Amino acid sequence: MIRNFVTWLVAAALLCGQSQAPDPKWDRLYPNSEVLEMMRGYERAYPGWVKVESLGKTSAGGDTWLMTITNPKTGDAASKPGVYIDGSTHANEIQGTETTLYTVNFVLKNYGKLPRVTEFLDRATLYVIPMMNVDSRERWFSQPSTPNFPRTLPVPIDDDRDGLMDEDGFDDLNGDGEITMMRKKVAMGHGNFKLDPKDPRLLVPIQQNELGNYLMLGFEGSDNDGDGQVNEDPYGYVDPNRVWGDGFQPRYVQAGASEYPLQYPEARNIANWMGAHFNVNVVMSYHNSGKLILRMPGARSQKPMSPVDLRVHDFLGKEGEKILPGYRYVWVAPVLGDSYGSSADHTYGRVGAFSVGIELNAPQQDFNNDKNVSPDEVLKFNDELTQGRMFSDWKPFKHPQYGDIEIGGYKHDTGRSPEGFLSVEEYHRNAMYVLFHGYHLPKLSIESPTVTKVKNGLYRLHIPVLNQRMIPSVSGIVAQNRIHRQDLATITGAKVIASGIVDDPFLNKVQLQEHRPERLFVRGGVDGVSTKTLMFLIESQPGKVVFSYDSIKAGKVSKEIVLP
Ligand SMILES: [Ca+2]
Ligand SMILES: [Ca+2]
Ligand SMILES: [Ca+2]
Ligand SMILES: [Ca+2]
Ligand SMILES: [Zn+2]
């Protein structure tokens, strides 16, 4: 009896303790080791549902970690339409990682509880790369950094063309673990700033008719190589979002580009993997900041987006403005300037996915409601809402080149990433926007066919294929550039004499496929929220045949059809 009880206890302990899923509080940013532990934790807690794998090594010895999440009982991951999300392409744009992890946590914990989450994991696959630029993200945590630095891939570049690479970066002169700002008081008339009369922690630029007595000297550091310039060649710079294949331009056109497309493994690992996963319909990459949903193309000189795809992007983007209040859905090029070789251009142009960049928000406070958060309001936020956590007060320092200066300013984990107490709403809304895309993944069903007996042993079938959701089963760019094979319709159990796409069922207008009618290629697939009717003329005895519709992006459906 006791022994049975003990056995039961052990079994129960094994079952529940078998792996508690991670339960992050989301009130802080997670360094890479904790992110990876969290990913592994979900994998252990949801065996078969979550797979964590490395797509390959990265430039400084890390790994491109991918999570694949789906209900394994409803089909293989690759057979289902996919949503791909990633974070920390720009290494300083940290909370993209937490946004992806929040999404992971939400879908896993709400499967079976919330119908739309359940539908999502049953019929779709979520692919997640929480840390694209993994090595530099680690560096942001472990070495003195700023809100803007490092953004680069971990690749040394001779920015000032003096033959040396990364020889003069930022320096943590005062040893507080942060790279903050330097300012210097000078004789009246020698500066272009003055102290803000409302708050001496701030400098304000002088007006035309004023004399200034302060200089802003930029981010903390000294002239390490004695060339008369301070911090002119820091760590990097190769921009991980200017190195992709589609639309690539060399460095003399696009600053931060690599020497050739996909030169660095951070991008190449993902491009190679996604090139073998054309089931990816949606790509969402998290950046900060600015509250923007950015659609491609990256530059005005590139070919405009296919009208079919633009319509879908516009729908998803406009709805995004509602799910993410204050965010604006825009075409990136006229708003942020032309850029070449971005991941969104690549994954749209080479994979045919609906790809957007999302510029996340780090909410602060507009105390006087004038729709602008001014520098003094940021300081007020620092003082009243964080009790001074964000800002290091100015302190005197003896600088090797500038003499007596002051060092102070905002710490690296402020400004671009949300304060812990405000992060959950940001992550949650963005996760819900991922699920909105998930909901609108193409969802195909075969409606009731019309079967006409032409004569004994010869039937004509009109088979409507319905797509219930907004994303087409083949995107416009896939159809246009033949990125991967079109949707394929087949009949098994009969000899196919002719097949085609029905333009008008009443007038019996059909675009016939000239060759091999037994494999009907449905160019352009089934548009969002619409039906495409297919015609098959088949030789068969009365009985049953099976119609199958196989879409790389929308999955496979089939239906038995009875011939009278
Ligand atoms: Ca140099
Ligand atoms: Ca410092
Ligand atoms: Ca220098
Ligand atoms: Ca320096
Ligand atoms: Zn970015």
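**Around helix H9, the cores and a sheet**

Visitor: Which residue follows H9, and what is the sign of its phi?
Guide: Here "helix" means a DSSP run of H or I with at least four residues, "strand" a run of E with at least two, and both are numbered from the N terminus. Right after H9 comes glycine 352, with a phi near 80°, so to answer you: glycine 352, positive.

Visitor: Before we go on, what kind of model is this?
Guide: Residues count from 1 along each chain as its sequence is written, while chains are lettered from A and ligands numbered from 1 in the order in which they are written. Local features need pLDDT of at least 70, side-chain atom pairs count only at pLDDT 80 or more, totals for chains, interfaces and linings use all residues, and the model itself is predicted.

Visitor: How many residues of helix H9 are buried?
Guide: Buried means 20 or more other C-beta atoms within 10 Å of a residue's own, exposed means 12 or fewer, and partly exposed is in between, with C-beta atoms placed from the backbone. The buried ones in H9 include His346, Tyr348 and Val351, and they pack against H6, S9, S12 and H12. Helix H9 spans residues 343-351 and is mostly covered, the count being eight of nine.

Visitor: Is leucine 108 buried or partly exposed?
Guide: Leucine 108 lies in helix H3 and touches Ala21, Tyr42 and Tyr46, leaving aside residues up to four places away in sequence (contact: C-beta atoms, placed from the backbone, within 7 Å). Because leucine 108 has 19 C-beta neighbours inside 10 Å, it counts as partly exposed.

Visitor: Which domains give residues to the largest nonpolar core?
Guide: A nonpolar core is a set of buried Ala, Val, Leu, Ile, Met, Phe, Trp, Tyr and Cys residues joined through C-beta atoms within 7 Å. This one has 74 residues, and Ile69, Val83 and Val128 touch the most other members. Domain bounds come from an automatic or database assignment. The core lies between its two contributors because both give residues to it: domain 1 and domain 3.

Visitor: Which strands stand at the edges of the open sheet of four strands?
Guide: The order is S21-S18-S23-S24, with antiparallel pairing (strands pair if DSSP finds at least two bridges between them). Each edge strand has a single partner, so one side is left without a neighbour in the sheet: these are S21 and S24.

Visitor: What is the bridge partner of leucine 488 in S21?
Guide: Strand S18 covers residues 487-492 and pairs with S21 in the antiparallel sense over three bridges. Leucine 488 has as its bridge partner in S21 phenylalanine 521.

Notes
Contact = placed C-beta atoms within 7 Å.
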